[in-house]
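Let's take a friendly walk through this structure, from its cavities to its sheets and the contact between its chains.

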Amino acid sequence: MKESPFQVKAFRIVMLATLALFVCGAALQAAEWKPTKPINVVVPYAPGGGSDVYARAIDGIVKSEKLCPQRFIIENKPGGSGTIGTTSVAQSPGNEHMLLTFISGQVSGPLAVGKGAATYRDLTMVANLAKDEQFIVVKTDSPFKTIQDLVAAAKKTPGTVTIGGTATGQEDHMCNRLFERAADIKVRYIPFNSGGECITALLGGHVAAIWANPGEFVPQYDAKMVRPIAVANDKRVALLNAVPTFMESGYKFEFDFFRGIAAPPKISPDVVAYYETMMKRMTDSAAWKDNYLKKYMLSPLYLNSKDMGAFVAKNEKIFADILKDVGLIK
Amino acid sequence: MELWNNLMMGFAISLTWENLLYCLAGCFVGQMVGVLPGIGAPTAVALLLPLTFSVNPTSAIILFAGIYYGVAYGGTITSVLINVPGESSSVMTCLDGYQMAKQGRAGAALSVAAIGSWIAGTISVVLLMAFAPALAKFALRFGPPEYFGLAMMAFGLLTVFGGGDPFKIIISTLVGLFLAIVGLDVVSGVPRFSFGIPQLLGGIDFIVIICGIFGLAEVFNSLEQEEETGLLKQKIRLKDMFLTWEDWVRSRWAILRGGVIGFFIGLIPAGGITTASFLAYLAEKRVSKHPEKFGTGLIEGIASPESANNAASISGFAPLLALGVPGSPTTAIMLAGFMMWGIRPGPLLFQNNADLVWGLISSKFIGNLLLVLMNIFLIPLFVSMLRVPYTILMGFIVIFASIGAFTVNNNLFDVWMMLGFGILGYIMNKLQYPIVPLVLALVLGRLAENSLRQSLMLSGGDFSIFFTRPITFVFMTAAILAYLTPVIRWGLKKTGYGGKGLNVESL
């Protein structure tokens with residue numbers, strides 16, 4: 001049967017309408033991208049560690065605040081100081097149902113390890129959510145009343161003051177080196193396996209001071225066994241307001257121990273925006289402030305995808321500089 | 001009296017139906033987790049942590065404590081039955097336990113482990129209850145120099161293997177030390193012998209090595225033998241299921257000695273359950289009148305390390321409860337748990353949360369009792385597994401060891417490594433190299449190396465740090481004496497004392 005002009009016209013209209021619908025639909029769909037299956041949250045550290053607790057807190061709050069139609073599946077991929085889990089996410093380009101906990105150690109780690117380990121450039125930065133402050137802590141009966149006392153002692157007899165911290169090349173060690181440079185001193189840095197071992201060594205009087213995060217020393221501080229004398233932050237920390245920063249004590253440095261969220265590379269901006277908004281709404285919730293920040297004694301630091309990228313890039317430069325200084329990067 | 005009142009308050013809490021159920025659940029999960037090689041107490045506790053958001057903290061901590069010491073019971077079963085240690089703390093149990101199983105005495109081996117664990121565990125709870133704060137303070141005196149002294153003393157105990165070829169013992173120890181070196185070095189921050197393979201950065205996991213070197217190697221060995229029957233040649237009689245009077249007489253002191261050693265090693269942060277079981281076994285061998293029979297199915301060889309690991313798993317709570325510092329990976333996770341429930345464990349815990357502390361301590365009495373009953377009743381079931389023809393059992397051993405190695409890091413690479421260690425274990429068996437020195441070096445190598453370097457960093461390179469502190473001094477002296485025993489022994493033989501009824505080997 002031959003088609004009448006009318007039919008052709010009608011056909012064209014229908015076609016156009018359909019096309020328009022498709023385009024609109026696509027646009028609509030893009031604006032409202034939603035996960036269609038459970039989201040894998042990769043934690044590149046062992047169960048029970050700081051990153052694991054962080055991931056599980058996010059999971060709990062996203063669930064209780066009903067911020068995501070799909071559930072999170074937390075997957076611990078420990079090993080290689082965080083590089084194995086991080087690299088596995090970097091090797092899943094375009095996977096829209098995958099997230100990664102991302103902390104400062106995952107920026108400094110690959111620098112020291114070198115080839116083969118994924119860096120932040122191989123991932124998509126989603127948002128930064130919090131930061132952990134680095135304090136210098138001494139025993140209550142320590143002769144060091146202030147950070148100036150410690151520096152004076154270190155200047156008087158260089159290389160005798162002992163400061164404990166976590167493994168060489170990690171946050172505590174880098175922070176310690178920044179302090180040494182800013183104060184122009186040399187201390188004996190004693191590396192331990194974990195934060196728990198550090199505080200134990202301090203309480204036993206085996207080291208004169210340690211680097212620690214509030215979560216690691218506040219219980220002992222409450223019992224008046226230890227006291228913090230300085231914090232490596234740009235301003236004083238609300239929880240421990242009496243403790244001066246290194247900056248105001250005359251030692252010009254600060255250190256960012258941050259906790260964020262990343263995603264695999266090559267995912268579309270809509271997807272990033274979706275997770276970004278979700279994380280923003282989560283960090284604004286009271287549950288986040290009470291059940292995570294307050295409980296674990298962290299400070300809020302929300303940065304969106306773009307700002308986090310710049311922030312991480314800035315930190316990578318600082319880390320690379322210190323690691324070169326201590327001879328871990330040739 | 002105050003102690004008694006506190007304990008009664010604790011029982012009033014732990015004997016509620018709800019808490020009894022949590023205790024039972026914890027013990028049961030612990031027992032199961034203990035049986036599976038790859039999943040240890042830290043993983044189990046971490047995985048269950050999010051489920052306890054809505055549970056009250058006392059119940060949650062009772063549950064977790066149950067898992068923690070339940071694991072020490074469960075790890076025994078596979079060690080005895082199939083030579084695959086379910087938990088790293090049960091490695092030493094393989095040595096005599098598996099031999100006993102081959103002799104048809106698996107039931108006795110399992111019951112002495114359960115009863116020994118119960119006795120040592122209960123004594124441990126009593127000591128913990130009475131002296132936790134003082135004990136925790138004592139534990140604090142252990143710094144890097146003390147750890148080094150302890151490790152040196154433990155290596156010294158290896159000289160009890162005097163009967164074997166000293167050359168082979170040294171080679172085996174060195175292989176273990178080398179394996180402990182692999183990975184990112186904490187002190188220098190540099191990866192060692194990792195050949196750019198990211199999976200090796202974190203070091204080779206202990207579980208991966210022992211699954212291969214014990215379990216898989218056993219399969220390779222048995223492939224050569226034409227056995228169509230089960231491990232058990234004779235029919236199991238009910239009498240073989242349980243301890244005879246003679247067994248009890250032989251193991252009672254071993255249980256006590258193991259318990260005491262375990263208790264003290266467990267107290268020390270970084271001491272650990274595995275180290276405790278090693279030292280107990282070696283010490284038992286040292287005091288024994290017939291050290292050469294260890295490893296051939298001696299009941300003391302099971303009683304001692306099993307009592308030690310259980311005692312250690314309980315005393316490990318002292319630093320956590322009294323000071324808020326973790327003494328082991330599991331207690332570190334519990335620390336995170338406390339924070340999740342809104343409790344800050346720390347020096348003030350005994351004052352601020354007395355109900356939680358005493359509820360927990362009293363639940364340990366109950367949990368240990370539940371576990372010993374659970375284990376005794378299940379023994380016939382476990383033992384009947386041995387009737388399975390070995391050709392089929394072998395398959396299970398391979399599956400078990402592979403799952404164990406895989407679940408450590410969810411990584412297939414570890415399974416291949418385990419295969420490699422299986423071959424190594426087989427070769428060592430063939431050439432009659434002892435495996436214990438390798439495993440001991442693996443457990444203590446990293447501790448010894450790190451603590452040596454940390455001590456020397458603390459002292460600025462001065463070795464006198466190892467002799468000027470009282471605890472280290474005692475350890476180092478004991479270690480040096482132990483190293484000298486072979487020389488003294490040789491000297492005594494030379495001068496003829498050996499022939500005059502003096503048991504030279506027992507030195």
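## Cavities

A cavity here is a set of points on a 1 Å grid over the protein atoms alone where a 1.4 Å probe fits but cannot get out; lining residues have an atom within 4 Å of a point. Grid points are joined across faces, edges and corners, and a volume is the space filled by probe spheres set on the points. In this predicted model, local features need pLDDT of at least 70 and side-chain atom pairs count only at pLDDT 80 or more, while totals for chains, interfaces and linings use all residues. Residues are numbered from 1 along each chain as its sequence is written, chains are lettered from A in the order in which they are written, and side-chain values use heavy atoms, without hydrogens and water.

Three cavities of 30 Å³ or more are present, and the largest has a volume of about 60 Å³. Its lining includes Tyr73(B), Ile77(B), Leu110(B), Asn375(B) and Phe382(B). Helix H4 (57-82), helix H6 (106-140) and helix H17 (354-384) of chain B each give two or more residues to this lining; helices (H or I, at least four residues) and strands (E, at least two) are DSSP runs, numbered from the N terminus. By class, the lining has seven nonpolar residues, two polar and no charged. Nonpolar covers Ala, Val, Leu, Ile, Met, Phe, Trp, Tyr, Cys and Pro, charged covers Asp, Glu, Lys and Arg, and the others, Gly among them, are polar.

## The five-stranded sheet of chain A

An open, mixed sheet of five strands runs in the order S7-S6-S8-S5-S9 in chain A; two strands pair if DSSP finds at least two bridges between them. Strands S7 (188-191) and S9 (226-231) of chain A each have a single partner strand, so one side of each lacks a neighbour in the sheet. From one strand to the next, the twist averages 30 degrees. Axes are lines fitted to C-alpha atoms, for helices over the stretch in contact, and angles run from 0 to 180 degrees between N-to-C directions.

Strand S6 (residues 162-165) of chain A runs parallel to S7(A), joined by four bridges. Thr162(A) sits opposite Arg188(A) in S7(A).

## The six-stranded sheet of chain A

Another open, mixed sheet has six strands in the order S2-S1-S3-S10-S4-S11 in chain A. At its edges are strands S2 (72-76) and S11 (299-303) of chain A, each pairing on one side only.

Strand S1 (residues 39-43) of chain A is parallel to S2(A), with five bridges between them. Val43(A) has Asn76(A) as its bridge partner in S2(A).

## Where the chains meet

How many residues of chain B are in contact with chain A? There are 46, facing 39 residues of chain A, where contact means heavy atoms within 4.5 Å. The two chains bury about 3500 Å² between them, 66% of it on carbon and sulfur atoms. Buried area is the accessible area (1.4 Å probe) that two parts lose on being put together, summed over both.

Definitions and conventions: On a 1 Å grid over the protein atoms alone, a cavity is a set of points where a 1.4 Å probe fits but cannot get out, and a pocket is an open set with protein on both sides within 12 Å along at least five of seven lines; lining residues have an atom within 4 Å of a point.
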